[in-house]
Amino acid sequence: MGYHNDQTIEHYLSQLAQLPTVSPFCQALYQLIGQYVCPKGSPVGDMGDLFVRFLTREVRYHRQLDKISGSGPDVSDRQSLAEKRHIGLELSAEEAQSVHCSLPQEEIARQLLLAECYYHTYRPAQVVAHLEAAAQRDPDQPLIQFALGYNRYILALEAFASPTAESDEAVTVDYMSFQRACLQAAAALEKVLAGHENDRYIYQWIGRILATAGFPDAAQEAFVQAEATDYNRLRNTNREDDWSANTESAGQQASGQLPPITQAEIDQATQLLRQSLPIEDLWPDDDYNWEN
């Protein structure tokens, strides 16, 4: 048992929230891990101590990265900083592999921390494996399903598609396995759908994944669902005339060349998912601005 408590974790999370190089997804994920490792007012166990050490390294890294970004580009400094972070992530993963978790919630936190470390050290297979382990223990947590769906899709591209020498386009080397992996990614994202207007972004992701996997009819249905959800929002603001054009555009998009999912889209979806995360129950309202 360590000497830290929820205020220690809150302190580091608050610092990370003020650093511009920390993505909204990482902020939301770290808040979620904090909930699992340390119910409010309780001392943390071994997993909580490990999480504090991880947060300490991340605060140090992002502060240095922010300082470098403010002083102008320096490739060597950035490379050195990235290498140091990589070592820190490897150390956190090694520690997480051996830490003992006495509570189910701590084990979820351990799996999520491993997934995060492996994500930033570019090991998609391990990321998916640990996210799946976390999802098995908490299947109703939308942020976990969101991360699992996205990373299953990335793993499908990494494992079953390879670039050609003639162009930047990838060729699928195992089409059946690629389709199966994409269906699994879409299935995870479907669990994020919550029946409100923000579902349109998740439907769009599902449609893009299904279209890339070669399921144009299913993809078009997802795109239409996205536009139908958007139509309900537009109807509330008296903009029904956009419905026909948007639906036609959705069908055209399903059969066209689709761009990859960008970091900006991940951040946008994360901001929306925060509406369904009970993070506010853990941290004081006057300590953290959830819109930053």
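The following legends describe close-up views of a predicted model.

**Figure 1. Confidence along the chain of the predicted model.** The mean pLDDT of the chain is 80, and 73% of the residues reach 70 or more. Confidence is highest in helix α6, at a mean of 97, and lowest in helix α11 (residues 242-255), at 41. Over residues 237-257 the pLDDT is below 50, and this stretch has 23 contacts in the model beyond near neighbours in sequence. Residues 276-292 likewise stay under 50 in pLDDT. For residues 276-292 the model has 37 contacts beyond four places in sequence.

**Figure 2. The aromatic cluster of F25, F146, Y150 and W205.** The structure holds five aromatic pairs. The ring centres of F25 and F146 lie 6.2 Å apart with the planes at 45°, so this pair is tilted. F25 belongs to helix α2 (residues 24-37) and F146 to helix α7 (residues 142-160), so that the pair links parts of the chain 121 residues apart. With a relative accessibility of 12%, F25 counts as buried. F146 is also buried, its relative accessible area being 1%. A second ring pair, F146 with W205, has its centres 5.3 Å apart and its planes at 35°, and is therefore tilted. This pair connects helix α7 with helix α9 across 59 residues of sequence. W205 is buried, at a relative accessible area of 3%. Through ring pairs, F25, F146 and W205 form a cluster together with Y150.

**Figure 3. The surroundings of T212 in helix α9.** T212 is placed in helix α9, which covers residues 199-212. Is T212 buried or partly exposed? Its relative accessibility is 31%; because buried means under 20% and exposed means over 50%, T212 counts as partly exposed. The side chain of T212 takes part in two kinds of polar contact, described next. One joins the side chain of T212 to the side chain of Y153, at 3.5 Å. In another, the side chain of T212 reaches the backbone oxygen of R208 at 2.8 Å. The C-alpha atom of T212 is separated by 8.4 Å from that of C182, a residue 30 positions away along the chain.

**Figure 4. Cysteines C101 and C182 in a structure with zero disulfides.** A disulfide is a covalent bond between the sulfur atoms of two cysteines. A search of the whole structure finds zero such bonds. C101 counts as buried, at 16% relative accessibility. C182 is buried as well, with a relative accessibility of 0%.

**Figure 5. The contacts of L131 in helix α6.** Helix α6 spans residues 124-137 and contains L131. The relative accessible area of L131 is 5%, and the residue is buried. Which residues does L131 touch, not counting residues up to four places away in sequence? They are L112, A115, I144, A147, L148 and N151. From C-alpha to C-alpha, L131 and F146 are 10.0 Å apart in space, with a sequence separation of 15 residues. F146 is a member of the aromatic cluster of Figure 2. Confidence in helix α6 has a mean of 97, the highest in the chain.

**Figure 6. The side chain of R57 in helix α3 and the polar contact with S92.** R57 is found in helix α3, which runs over residues 46-70. A polar contact of 2.8 Å is made between the side chains of R57 and S92. Besides S92, R57 is in contact with G88, L91 and E95, when neighbours within four places in sequence are left aside.

**Figure 7. The largest nonpolar core, with L55 among the members that touch the most others.** This core holds 69 residues. Which of its residues touch the most other members? They are I9, Y30, F51, L55 and L112. Helix α2 gives the most to the core, with nine residues. Not counting residues up to four places away in sequence, L55 touches I9, Y12, L13, L16 and Y30. Two of these contact partners, I9 and Y30, are themselves listed with L55 among the residues that touch the most other core members. L112, also in that list, is one of the residues touched by L131.

Notes: Residues numbered from 1 in each chain as written. Heavy atoms only, no water. Helix = DSSP H or I, 4+ residues; strand = E, 2+ residues; numbered from the N terminus. Buried < 20%, exposed > 50% of the residue type's maximum accessible area, 1.4 Å probe, protein only. Polar contact = N/O pair within 3.5 Å; in protein donor to acceptor, adjacent residues only side chain to side chain. Phe/Tyr/Trp six-rings, centres within 6.5 Å; stacked < 30°, edge-to-face > 60°. Contact = heavy atoms within 4.5 Å. Core = buried A, V, L, I, M, F, W, Y, C linked by side-chain atoms within 4.5 Å. Disulfide = S-S within 2.5 Å. pLDDT = per-residue confidence, 0-100.
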